[in-house]
Amino acid sequence: MTRSLAKLSTSETKTVAEQAFKNVVGRKKEILLILSSLLAGKPILLEGPPGVSKTTILRTLSDILDVPFYFVEGNEDLTASKLIGYFDPAMVLQTGYIPENFREGALAQAMRNGGILYIEELNRAPPDALNSLVVALSERQIHVPRYGRISAEEDFRIVAAMNPYDDIGVQRISRAILDRFTKLRLDYQSKDEELEIVRVNTGSDNELLIELGVEIDIQTRIHPDLRLGASVRGAIDFVLLCTEKLTLKDHHLTTEDIIDCACLTFSSKIWLSATSEKTEEEIIREIVQGILKNKEDELKEEFEKEEKKESPSEPSSSTSETDTWIPEGDAIQQEIEAAIQNADTKALLQFLLSKRSLKRKVGDDLSEITNQSFNEIFNRPEAPELYSLLRKTLNRERELLARKLSTRIILSRAQMVAPYGQRNGKFHPSRFDGECQIDLHRTIEKFVENRPSFTQDEILVRKRKRVKRTYVLLLDASESMYERKIGLAALAASVLAYSLFRKDDYYSIIAFHSKPFLVKPINQNLAVEQVVNDVLTIEAGYLTNIASALQMGIDETAKVKYTQREAFLLTDAVWTEGRDPRPIAHAGLFDRINVLLATDGDPEFADELAYNGNVYPIETWKDIVKAINKALTPNC
């Protein structure tokens, strides 16, 4: 098609959609929504894990619509100049700033030619690069110094994609950018659709291999030792690899052959949890062996069903066991079962908070449901709090899975709000020493003015300078506040860790009750996921020795050179053991102490503990991130 997107007739639009349906397995709703955004001229952000057909759908629509497609990969090397364009320095030195010396970037080309600019991994792009999109999104034009204005053609569109599960090298996307996008969330497709995707992409008719590959994919996504499972690409590669090996082995594969192919295929497509003690290959072997065993069990069950049709099943004894756990009788039991069946995490929390004796029963019930149902319950925002109440009642496998899902929720919240991955400090003019950023435009201008007497000392550069700080996060793990606040404590740790990522700052995390203990030493690098996991598994104590925690924090910050050292104290400010913490807090050994005060705590005592800082009332996760972000506002 060569007509403008905005001028497509209804019949032409329907034809585009029908052709896309034929080229993409499933995703009809998503195709229609993306197509609607393109036709309406609205930029759209596609959010989802790798391998959920984000790029496939967009390229398919671009080809059918016959619209130019410009691809940009978001990473730390992406700059505004690469997006918009730049003057060729060599040509400028010869002939000056003339239009012919300007090299257009992908954004400028897409605007001038009326095409789709696709930015993959948007949350990996530096904020100052993305800021160049704001005017293009709002005004559909950009102004380039010494070059002029570039106006967008009618068919110019911006589409971006990002993976919300990644936390390596990602950036916080500003509201100014997000507010200008529509957003579509894509998750893994149904099993039937993934089976069809594998058939189409492999051309295989071996249904056993296809189903096995997809089942491995699905199992990796819920395995407690994996932070992120495999996409459908894993099943595709597995089937292709097994097919080739079948040919080499005269159409016969042993169980060990299948495991070898699975390890070779999936080990690079899964993401280990930082707390896992297993290798990728060990996990894949475990999954494949479990699937093959379950298939044997399924055949056995089918055979046993025929034998049991004529004999009635024995009455279950679960009722009497239930009554021992819940004296109130069947009514509460039915309400708990309904909450579990409906994945009503809020209702489960209400039961547990109103009556602690229900914890064992709820934990036992959750240990017996399917992985899929368990995932639905612990994928809710309340999962960290539910985990903190039930972690000692779940079996080992379910406890690990609940911790993994709770960690994912905590990390996703922290990533959304923490000033994570941003470039540090401010630029200051400096002399050229080979290790700085050249101010290209000002240097060229100076060269043009002063040649041929231009010297190295006249190269204008900029360096970043910032104040180094050391931080310590003190987490009250006393019984009086910790059990229900464990999720908030883990969130505070992850926000601090993300906020200081790639900076010169150091941080330590200390938990305390009657005595303090290090969760994260100040001179040790730990993955954020590991930090959250360690906080979630802290054992609570009964007494609260704030003074000992402050002293350990002072000792930790003294291990590194610093210009400022600051503390965050998450507590209910109920001092029950040890010496008076106020003299230590006000001894000046910390430059600042901020108190994150639990809502049921003592505000007067908290105010006495805060030194050159503030008391922040903490009730929800939003209060945590607001307090830490406000206290961490750089003064570079």
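This passage describes a six-stranded sheet, two helices beside the sheet, and a cavity in a predicted model. Residues are numbered from 1 along each chain as its sequence is written. In this predicted model, local features need pLDDT of at least 70 and side-chain atom pairs pLDDT 80 or more, while totals for chains, interfaces and linings use all residues.

The sheet is open, with strand order 17-16-15-18-19-20 and mixed pairing; strands are DSSP runs of E, at least two residues long, numbered from the N terminus, and two of them pair if DSSP finds at least two bridges between them. Strand 17 (516–520) and strand 20 (615–618) stand at the edges with a single partner strand each, so one side of each has no neighbour in the sheet. On average, neighbouring strands are turned by 20° against each other, direction ignored. Inside this arrangement, strand 18 (residues 564–571) and strand 19 (residues 592–598) pair in the parallel sense over six bridges, and L570 stands opposite L596 in strand 19.

Helices are DSSP runs of H or I with at least four residues. Helix 24 (residues 528–536) lies across strands 15, 16 and 17 and runs at about 150° to strand 17; angles run from 0 to 180 degrees between N-to-C directions, with axes fitted to C-alpha atoms, for helices over the stretch in contact. Helix 25 (residues 546–557) also packs on the sheet, touching strands 15, 16, 17, 18 and 19, where contact means heavy atoms within 4.5 Å.

Turning to the cavity, R227, K404, T407, R408, L411 and E529 line the second largest cavity (lining residues have an atom within 4 Å of a point on a 1 Å grid where a 1.4 Å probe fits but cannot get out). Helix 21 (residues 396–417) supplies the largest share of this lining, four residues.

How values were computed:
Heavy atoms only, no water. 1 Å grid on protein atoms, 1.4 Å probe; cavity = no way out; pocket = protein on both sides within 12 Å on 5 of 7 lines; lining within 4 Å.
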